[in-house]
Amino acid sequence: MISDTQNNQIPAIFIATSRYSDWDNVFSNYNKTRLEPINYYIDVKDTLDILEAQKLVKKMIASNILNVSTKFDEESVTRKISNSQNIIDILLEVIDRSESVTDSICFEYDNLSNEAKLADGIVSLSFKYGLKLQWGLLKRSIEKHYYSFTWEDFVDKILNGDAKGNLFQEEIQGEYFISGRHRYISELILQIHYKGNYSEEIADIKSIIQASSGNDSEEHFVGTLINAILQNDNNYTTKQIEELLNFAIDTFVIDDNKAFINHLKGEFLLTQRKYNDAIACFDTNVRNNLNKMYSLHSMGKAYYYLAKSENITSGKFRSDINHAKNKLFDGIQKFPRNEYYYSMLLTVFTYLKDNDCLSEEDKRNIKVLETLASENLNIKNISDLNNKVKDIM
């Protein structure tokens, strides 16, 4: 009908009606686009029953279109929409476009009790990185820290009171965990709570590290948390990060978990170009046969970076680059299906080729690398490797 009226320039009035809350299809951008450039007016008058209104409100909350702070507010909005005779009008009323979601959350947070703010600060780091914090670990971290409230305060004012909307708890194999309702909200809580004072934040993490000491799964959780911070957060100074890593290494009891943090420290030192210190971290793990698959690879990588920092014609360069190749080939012998060793060796050989430093022995080693790859990696990787090797040769 729209095409006919446009092609024949026929003036027309279209009246569209819908039932069962299908008004959003009538009001869609697609239909509005089809009607242009014809002048049109859309007036939606319909009612929703209480169940339909609940579904609509939940969808708007999930999409951050509608911001409600409590269950009572959600029910109030639902009733308002259900009782309305004009859905569009009521939506414009309940969606407060003058206040951003961020401002609203900040306002809500600032009106919590002091105990609620402090307790939210303890757990918000784990929420920010999408991790679940074990109930017992949280309890012990609160008890070991210097906060002016007790575990009972936390349960009463957080889980049962002020911050209940931002936390939920669940039971997994007999152990309780708490997690964030929204990582988005938790990230804002983190920013509000610490006000840029990352020394306080590190104090909270140290409390959790102390509380997890001696428990394998909890130390593992904290190691994951620290790794997430190093990967995603640029708020800490170099000194603060090293302080945190050293504290975890000194505090953890389980050897595998200590080795993981030691590896993280080595990787962090690489970013600071402290190559010898990084090599020492990786070497400690390799000698202790801990985290060996990753630490041996990183040690080869560190020797490569160290060599690149030297004069390419110096004996030091040749010594370091040989150490890099030896460690990486050693890794392939021990972990033949780990692709990272092959990739790193190709990087080393490509660097030597680009700088006219590729020796006859290096060329033979490239052939060895290709053979090892064909024996240990799948077809797709062999093809990729062959193409790279041909470029080098």
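Visitor: How many residues apart are K334 and D330 in helix α18, and how far is that in helical turns?

Guide: This is a predicted model, and here both residues sit in helix α18, which covers residues 315-334. Neighbouring turns matter because an α-helix has 3.6 residues a turn, so residues three or four places apart point the same way. K334 and D330 are 4 residues apart, so they are separated by about one helical turn.

Visitor: What distance separates the closest N and O atoms of K334 and D330?

Guide: Side chains of opposite charge can pair when their charged atoms come close. K334 and D330 form a salt bridge, a label that needs the nitrogen and oxygen within 4 Å. Their closest N and O atoms are 2.5 Å apart.

Visitor: Is K334 buried, partly exposed or exposed?

Guide: Buried means under 20% relative accessible area and exposed means over 50%, with partly exposed in between. D330, the partner, comes out at 29% and counts as partly exposed. K334 has 39% relative accessibility, so K334 counts as partly exposed.

Visitor: Where do E143 and K139 lie?

Guide: The side chains of these two meet in a salt bridge, at 2.6 Å from N to O. E143 has 47% relative accessibility and K139 has 28%, so both count as partly exposed. They are 4 residues apart, about one turn, and both lie in helix α9, residues 135-144.

Visitor: Which residue does R140 form a salt bridge with?

Guide: The closest N and O atoms of this pair are 2.3 Å apart. The pair links distant parts of the chain, with R140 in helix α9 and the partner 78 residues away in helix α13, residues 216-232. R140 is partly exposed at 28%, while the partner is buried at 3%. That partner is E218.

Visitor: How many salt bridges does the structure hold?

Guide: We've met a few of them, including K334 with D330. There is also a network of salt bridges that links E310, K316 and D320. The structure holds 11 salt bridges.

Visitor: How many disulfides does the structure hold?

Guide: A disulfide is a covalent bond between the sulfur atoms of two cysteines. To count as one here, the two sulfur atoms must be within 2.5 Å. C281 is buried, with a relative accessible area of 7%, and C357 counts as buried at 16%. The number of disulfides in the structure is 0.

Visitor: How far apart in space are C357 and I312, C-alpha to C-alpha?

Guide: C357 is found in the loop between α19 (339-354) and α20 (360-376). Leaving aside neighbours within four places in sequence, C357 is in contact with I312, R318, L352 and D362. C357 and I312 are 45 residues apart in sequence, yet their C-alpha atoms are separated in space by 8.6 Å.

Visitor: Is K325 buried or exposed?

Guide: K325 lies in helix α18. Setting aside neighbours within four places in sequence, K325 is in contact with R318, L345, V348, F349, L352 and D362. The relative accessible area of K325 is 6%, and anything under 20% counts as buried. So K325 is buried.

Visitor: What span should helix α17 have, at 1.5 Å a residue?

Guide: Helix α17 runs over residues 292-308, which makes 17 residues. The end C-alpha atoms of α17 are 24 Å apart, and this agrees with what is expected. The expected span is 24 Å.

Visitor: Which helices do the buried residues of α17 pack against?

Guide: α17 is mostly covered, with 12 of its 17 residues buried. Among them are S295, H297, M299, K301, Y303 and Y304. The helices they pack against are α15 (255-271), α16 (275-287), α18 and α19.

Visitor: What is the phi of N289?

Guide: Most residues other than glycine have a negative phi. N289 lies in the loop between α16 and α17, and is exposed, with a relative accessible area of 54%. The phi of N289 is positive although the residue is not glycine, at near 55°.

Visitor: And what is the phi of N291?

Guide: N291 is also placed in the loop between α16 and α17. N291 is not a glycine, but its phi is positive. The value is about 50°.

Terms used: Residues are numbered from 1 along each chain as its sequence is written. This is a predicted model: local features need pLDDT of at least 70, side-chain atom pairs count only at pLDDT 80 or more; totals for chains, interfaces and linings use all residues. Side-chain values use heavy atoms; hydrogens and water are left out. Helices (H or I, at least four residues) and strands (E, at least two) are DSSP runs, numbered from the N terminus. Buried means under 20% relative accessible area, exposed over 50%, partly exposed in between (1.4 Å probe, protein chains only). Contact means heavy atoms within 4.5 Å. The expected span of a helix is 1.5 Å times one less than its number of residues.
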